[in-house]
Each structure stands twice: as C-alpha cells, then as structure tokens.
Amino acid sequence: MQPSVPSPAPSPESSAAPAAPRFDERLTAPGSWWAIAGLLGLSGGLIMFPFGTVPMLGGLIVAAVLAGAAVSSYGSARVRVVAGSLVAGDARIPVSALGAVEVLDAEEARAWRTHKADPRAFMLMRSYVPRAVRIEVTDPADPTPYVYLSTREPEALEAAVEAVRTGAED
C-alpha cells in the first residue's frame with residue numbers, strides 16, 4: 001500500500017457549501033406507466049406459468065424489475081438551474097449563453113415539438129408533460145438555436161433563469 005498524499009488545504013471558495021438550485025424538477029413518469037410496468041411483470045409470470053411455480057415467480061420478478069427499471073430511467077430526467085448554469089438531462093449550459101425564455105402552453109409546446117421544431121435544437125421532451133419552455137441559445141460558437149424543455153412549472157423555470165441572469169439574490 002502506498003502512503004497517502006496529503007490533500008491541499010481547502011480554499012475559501014471550495015469550503016463554502018455548494019449553491020442551492022434555484023429550480024429543480026424531476027420529470028417523473030406518471031402513475032399509469034408504473035401500472036403498465038406492473039402488468040408487464042404479471043405477463044412475465046403468466047408466460048412462465050406452464051413451467052411451474054418457481055419459474056412463474058422468476059418470470060414475474062424479472063419482467064417486473066426490467067419494466068420498472070425502464071420506467072424509472074425514462075422518468076429520471078431532471079431540469080435544474082444551479083451554479084449559474086441550466087442543467088437539463090446530460091446538458092449543462094451557462095446561463096450567460098442563453099437568451100430569451102419563452103413559456104409555452106400546451107398547444108404552442110406541441111407546435112414546437114412538431115412542425116416548428118429545428119433539428120439542431122436540444123430538446124428534453126416528455127410526452128406526459130404538456131407544457132414547456134423554449135430558450136434561445138445566444139452563444140455564436142454553438143450551432144444549437146434553442147433549448148426546448150418539458151416542464152410542469154415553466155414560469156418558475158423562467159424566473160430562475162432570469163434571476164441568475166440578473167444576479168438577483170434569494
């Protein structure tokens with residue numbers, strides 16, 4: 001075993017607690033999707049029923065776990081405004097690179113998901129969330145014209161982005 005290397009003394013910036021998110025939303029899947037996952041588990045058990053009780057229980061458990069994992073992973077997308085950045089799924093965009101925020105109602109969100117959509121745009125869409133925001137990307141080095149984010153609270157997301165942009169304190 002090698003001796004441990006002493007860590008450098010923490011700087012005043014690193015010793016401070018991380019900034020609390022101004023906006024944090026998890027786009028969880030609706031309950032009906034979880035019910036469908038349960039029914040898929042039941043189907044796995046019924047498929048294995050002719051082979052006996054133990055295979056039936058195994059099929060039920062395996063199918064339910066796989067269906068639950070699929071629903072959970074799809075419903076684990078997060079939208080956050082934290083530390084001067086907009087974090088949506090895997091994307092992290094500094095608020096300084098963002099322009100105007102447009103709150104979209106259900107009809108306008110559907111239009112931006114379909115016939116108004118630009119293939120270069122970053123889109124974090126969830127079909128079960130009817131409202132969204134569209135945020136312009138103003139960074140000239142970035143070919144992405146805008147960011148489209150499904151959200152249940154578009155006004156709160158807009159307020160959080162604007163608060164970071166203007167440097168307002170809580």
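In which helix do Glu107 and Arg110 both lie, and how many residues apart are they? Glu107 and Arg110 share helix α4, where they sit 3 residues apart, about one turn of the helix. We will come back to this pair after a short tour of the chain.

**The chain as a whole**

Welcome to this structure, which is a predicted model. The protein chain has 170 residues, and 34% of them count as buried. It contains 5 helices and 8 strands. Read from the N terminus, these elements follow the order α-β-α-α-β-β-β-β-α-β-β-β-α. Among the contacts in the chain with a separation of 6 or more, 65% are between residues 24 or more positions apart. The accessible surface of the protein chain is about 10,300 Å², and carbon and sulfur atoms account for 63% of that area.

**The sheet**

A good place to start looking is an open sheet of 4 strands, arranged in the order β5-β7-β8-β6 with mixed pairing. Its edges are taken by β5 and β6 (122-124); each has a single partner strand, so one side of each has no neighbour in the sheet. On average, neighbouring strands here are turned by 15 degrees against each other, direction ignored.

Now follow the pairing of β5 with β7. These two strands are antiparallel to each other and are joined over 5 bridges. To find a spot on this pairing, look for Leu98, which stands opposite Val137 in β7.

Two helices lie across strands of this sheet. Helix α4 (residues 106-113) crosses β5, β6, β7 and β8, and runs at about 125 degrees to β5. Helix α5 lies across β5, β7 and β8, and its angle to β5 is about 165 degrees.

**The nonpolar cores**

Which residues touch the most other members of the largest nonpolar core? They are Val79, Val81, Leu86, Leu149 and Leu157, in a core of 24 residues. At least two residues of this core come from each of β2 (78-82), β3 (85-88), β5 (98-104), β7 (132-137), β8 (146-150) and α5 (154-166). The largest share, 4 residues, is supplied by α5.

Leu157 is a handy residue to select when exploring this region. Leaving aside residues up to four places away in sequence, Leu157 touches Phe23, Val79, Val81, Leu86, Val133, Leu149 and Thr151. Apart from the largest core lies another one, made of 7 residues, with Leu104, Trp112, Tyr146 and Tyr148 among them.

**Salt bridges**

Side chains of opposite charge can pair when their charged atoms come close. In this model the count comes to 7 salt bridges. The table shows some of them, with the distance taken from N to O.

| Side chains | Distance, N to O |
|---|---|
| Arg78 and Asp24 | 2.4 Å |
| Glu102 and Arg134 | 3.1 Å |
| Glu107 and Arg110 | 2.7 Å |

The salt bridge between Arg78 and Asp24 links distant parts of the chain: Arg78 is in strand β2 and Asp24 is in strand β1 (residues 23-26), with their positions 54 residues apart. Arg78 is partly exposed, at a relative accessible area of 27%. Asp24 is partly exposed too, at 41%.

What about Glu102 and Arg134: in which strands do they lie? Glu102 is in strand β5 and Arg134 is in strand β7, so their salt bridge ties together parts that are 32 residues apart in sequence. Glu102 is partly exposed at 29% relative accessibility, while Arg134 is buried, with a relative accessible area of 14%.

That brings us back to the pair in helix α4. The side chains of Glu107 and Arg110 meet in a salt bridge, and the two residues are about one turn of the helix apart. Is Glu107 exposed or buried? With 54% relative accessibility, Glu107 counts as exposed. Its partner Arg110 is partly exposed, at 39%.

Arg110 also offers a last landmark. Arg110 and Pro130 are separated by 20 residues in sequence, and their C-alpha atoms are 7.8 Å apart in space.

Notes:
Residues numbered from 1 in each chain as written. Predicted model: local features only at pLDDT ≥ 70, side-chain atom pairs only at ≥ 80, totals over all residues. Heavy atoms only, no water. Core = buried A, V, L, I, M, F, W, Y, C linked by side-chain atoms within 4.5 Å. Buried < 20%, exposed > 50% of the residue type's maximum accessible area, 1.4 Å probe, protein only. Contact = heavy atoms within 4.5 Å. Pairing = 2+ DSSP bridges. Axes fitted to C-alpha atoms, helices over the stretch in contact; angles between N-to-C directions. Salt bridge = Lys/Arg side-chain N within 4 Å of Asp/Glu carboxyl O. Areas by Shrake-Rupley, 256 points an atom, 1.4 Å probe, with all protein chains shown as cover.
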